[in-house]
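Subject: Structure handover and notes

Dear colleague,

I am passing on the structure below, together with notes on what was found in it. Please read them with the coordinates open beside you.

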Amino acid sequence: MTDEEALRRAIALSAEAAATPGCEPFGAVVVRDGQVVGEGFNRSRSRLDPTSHGETEAIRDACARLGTLDLGGCTVFTSCEPCALCVAAMQITGIARVVYAASLADSGRILAGVPKERRRGGDVAALRREAGAPIGAGRIPARQALVAEAVALLETWAKG
């Protein structure tokens with residue numbers, strides 16, 4: 001399977017999502033050794049799951065099909081440039097490469113006027129800037145508590 005064939009499959013999933021109530025037009029596939037091992041499209045509204053993006057759905061599918069959390073050596077092909085959430089999921093699973101079609105600037109411009117009832121958007125540039133910052137860095141009020149209890153649990157689990 002070529003990059004173009006895989007990207008066309010991601011775009012086809014995006015079209016399927018566009019035609020499915022409660023879904024948004026973003027699709028993705030995960031490919032390993034020239035074979036699709038995961039597919040997905042944005043089901044955030046239908047599942048009431050804000051993490052159900054095309055890329056995360058494809059990653060979940062690939063992990064389930066392959067029986068692993070390690071997607072090292074895999075490539076994600078996606079109809080639109082991934083957001084910070086999806087990039088984080090790719091990094092956690094070890095995705096080696098990403099190929100995308102529309103840019104975030106394209107989707108932001110095109111979808112800017114879509115009413116919130118159909119799509120809950122956001123400032124993707126701000127999300128990217130803030131995604132790597134510590135939790136209490138001004139985005140969401142945060143307070144740390146019960147540290148010793150949580151640390152003890154982690155230490156016990158780590159010892160096996």
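A residue is called buried here if its relative accessible area is under 20%, exposed if that area is over 50%, and partly exposed in between. Please also keep in mind throughout that this is a predicted model.

I begin with the strands. Of the six residues in strand β1 (residues 27-32), five are buried, so the strand is largely enclosed by the rest of the structure. Strand β1 pairs with strand β2 (residues 35-41) in the antiparallel sense over six bridges, and within that pairing Arg 32 stands opposite Gln 35 of β2. Strand β1 also runs antiparallel to strand β3 (residues 75-80), to which four bridges join it, with Val 30 placed opposite Val 76 of β3.

The hairpin formed by β1 and β2 has two residues between the strands, and there Asp 33 takes a positive phi near 50°. Gly 34 is also found in the loop between β1 and β2, and at 24% relative accessibility this glycine counts as partly exposed. In space, the C-alpha of Gly 34 is 7.3 Å from the C-alpha of Thr 2, although the two residues are 32 apart in sequence.

Next come the charged side chains. How many salt bridges does a search of the whole structure find? The search returns six, and I describe some of them here.

In one of them, the side chains of Arg 97 and Asp 3 meet with an N to O distance of 3.0 Å. Because Arg 97 lies in strand β4 (residues 97-102) and Asp 3 in helix α1 (residues 3-18), this pair ties together parts that are 94 residues apart in sequence. Both partners are assigned to the intermediate class, since Arg 97 counts as partly exposed at 38% relative accessibility and Asp 3 counts as partly exposed at 28%.

Helix α1 also contributes Arg 9, whose side chain meets that of Glu 39 in a salt bridge of 2.8 Å, N to O. With Arg 9 in helix α1 and Glu 39 in strand β2, the pair ties together parts that are 30 residues apart in sequence. Here too the residues count as partly exposed, Arg 9 at 30% relative accessibility and Glu 39 at 24%.

A salt bridge within a helix is the one between Asp 61 and Arg 65, whose closest N and O atoms are 3.0 Å apart. These two residues are four apart in helix α3 (residues 54-66), so about one helical turn separates them, and Asp 61 counts as partly exposed at 24% relative accessibility. In addition, Arg 47, Glu 57 and Arg 60 are joined into one network by salt bridges that share partners.

Finally, the cysteines. The count of disulfides comes to zero, where a disulfide would require a pair of cysteine sulfur atoms within 2.5 Å. For Cys 80, the closest cysteine sulfur is that of Cys 83, and because the two sulfur atoms are 9.2 Å apart they are too far from each other for a bond. Cys 80 is buried, with a relative accessible area of 4%, and Cys 23 is likewise buried, with a relative accessible area of 13%.

With best regards

Definitions and conventions: Residues numbered from 1 in each chain as written. Predicted model: local features only at pLDDT ≥ 70, side-chain atom pairs only at ≥ 80, totals over all residues. Heavy atoms only, no water. Buried < 20%, exposed > 50% of the residue type's maximum accessible area, 1.4 Å probe, protein only. Pairing = 2+ DSSP bridges. Salt bridge = Lys/Arg side-chain N within 4 Å of Asp/Glu carboxyl O.
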